[in-house]
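Hi,

Here is the structure I said I would pass on. Have a look at it first, and my notes follow underneath.

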Amino acid sequence: MMLPLLLVSLRANAQEDYRFDIGAGVGMTGYLGDANTANLLKNPGVDGELLFRYIVNPRWGLKTNLYVGTLRGNTEQMTNVMPSEMNYKFSTTFVELGELAEFNFFSFGMGETYRKLKRITPYIAAGVGFNYWSVDGHKGFAFNIPLGLGVKYKVSRRVNLGLEFLMKKVFTDKLDGPALSDPYQIKSSFMKNTDWYSTLTFSVTYEFSKRCAVCHYKD
């Protein structure tokens, strides 16, 4: 009598394992470049995110995200003097499509205590992305590398909250407009003469598509 009940209980818990996660988020952006060399909190912008995640297992996920956001900067707030002694102010609108791999420090989930699942976990993320932007009537397209970390919290078996911080290395010096494209006339490198920006985003997601926990095969 007890064995069938135990099997039913284990199967019910196993069935609450889903393959996909979808959601949206909002947050703030920061910019580092020729108009701001140090402080991400100066002139913050905003961002909105749509995301789709493939849950490989409780430790790994693959996330596709679409961001729409703004970046702002003003050289008047800098201690550095621009070569032309002119001041520049810009506001950029961007769209970003990215793909990231996520590694959870703890096995993320609920139920199935033998798997030592945790309702909350920090994680790290890295990937690739592409940007399209518009600033002062000029448009551009560039490749970027996002790196960052975050934390996930499982409100229920299918609803999750997330907070994620990512730094994006953009392989261009035109994100802040043509007036600030290589103003110092220096050779570009990974750290120099290219723009960076950050996203700090709070998200809500919903899991769906139950994973096959017990598969039955027939000859």
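**What I found**

Of the 219 residues in the protein chain, 40% are buried. Keep in mind as you read that this is a predicted model. The accessible surface of the protein chain comes to about 12,300 Å², and carbon and sulfur atoms account for 66% of that.

**Layout of the chain**

The protein chain has 1 helix and 8 strands. Going from the N terminus, the order of elements is α-β-β-β-β-β-β-β-β, so to speak a helix and then strands.

What do the strands build? The 8 strands close into a barrel, in the order β1-β2-β3-β4-β5-β6-β7-β8, with antiparallel pairing. On average, neighbouring strands of this sheet are turned by 25 degrees against each other, ignoring direction.

If you want to trace the barrel on screen, here are some of the pairings:

- β1 (residues 18-32) and β8 (residues 196-210) run antiparallel and are joined by 14 bridges. Thr29 has Thr199 in β8 as its bridge partner.
- β7 and β8 also run antiparallel, with 11 bridges between them. Look for Gly162, which stands opposite Ser203 in β8.
- β2 (residues 45-57) pairs with β3 in the antiparallel sense over 10 bridges. Leu51 has Asn65 in β3 as its bridge partner.

Contacts across the sequence fit into the picture here too. Taking contacts in the protein chain between residues at least 6 apart in sequence, 65% join residues at least 24 apart.

**The core**

Which residues have the most contacts inside the largest nonpolar core? That core has 16 residues, and the ones with the most contacts inside it are Leu71, Phe90, Phe94, Trp133, Leu175 and Tyr197. At least two core residues come from each of β3 (60-74), β4 (89-104), β5 (120-135) and β7 (159-170). The strand that gives the most is β5, with 4 residues.

Tyr197 is a good one to click on. Not counting neighbours within four places in sequence, Tyr197 is in contact with Gly30, Tyr31, Leu71, Phe94, Glu96, Asn131, Asn144, Leu166, Met167, Lys168, Val170 and Leu175. Leu71, Phe94 and Leu175 from that list are also among the residues with the most contacts inside the core.

That is what I have for now.

Cheers

Notes: Residues are numbered from 1 along each chain as its sequence is written. This is a predicted model: local features need pLDDT of at least 70, side-chain atom pairs count only at pLDDT 80 or more; totals for chains, interfaces and linings use all residues. Side-chain values use heavy atoms; hydrogens and water are left out. A nonpolar core is a set of buried Ala, Val, Leu, Ile, Met, Phe, Trp, Tyr and Cys residues joined through side-chain atoms within 4.5 Å. Buried means under 20% relative accessible area, exposed over 50%, partly exposed in between (1.4 Å probe, protein chains only). Contact means heavy atoms within 4.5 Å. Two strands pair if DSSP finds at least two bridges between them. Axes are lines fitted to C-alpha atoms, for helices over the stretch in contact, and angles run from 0 to 180 degrees between N-to-C directions. Accessible areas come from the Shrake-Rupley method with a 1.4 Å probe; for residues, only the protein chains shown count as cover.
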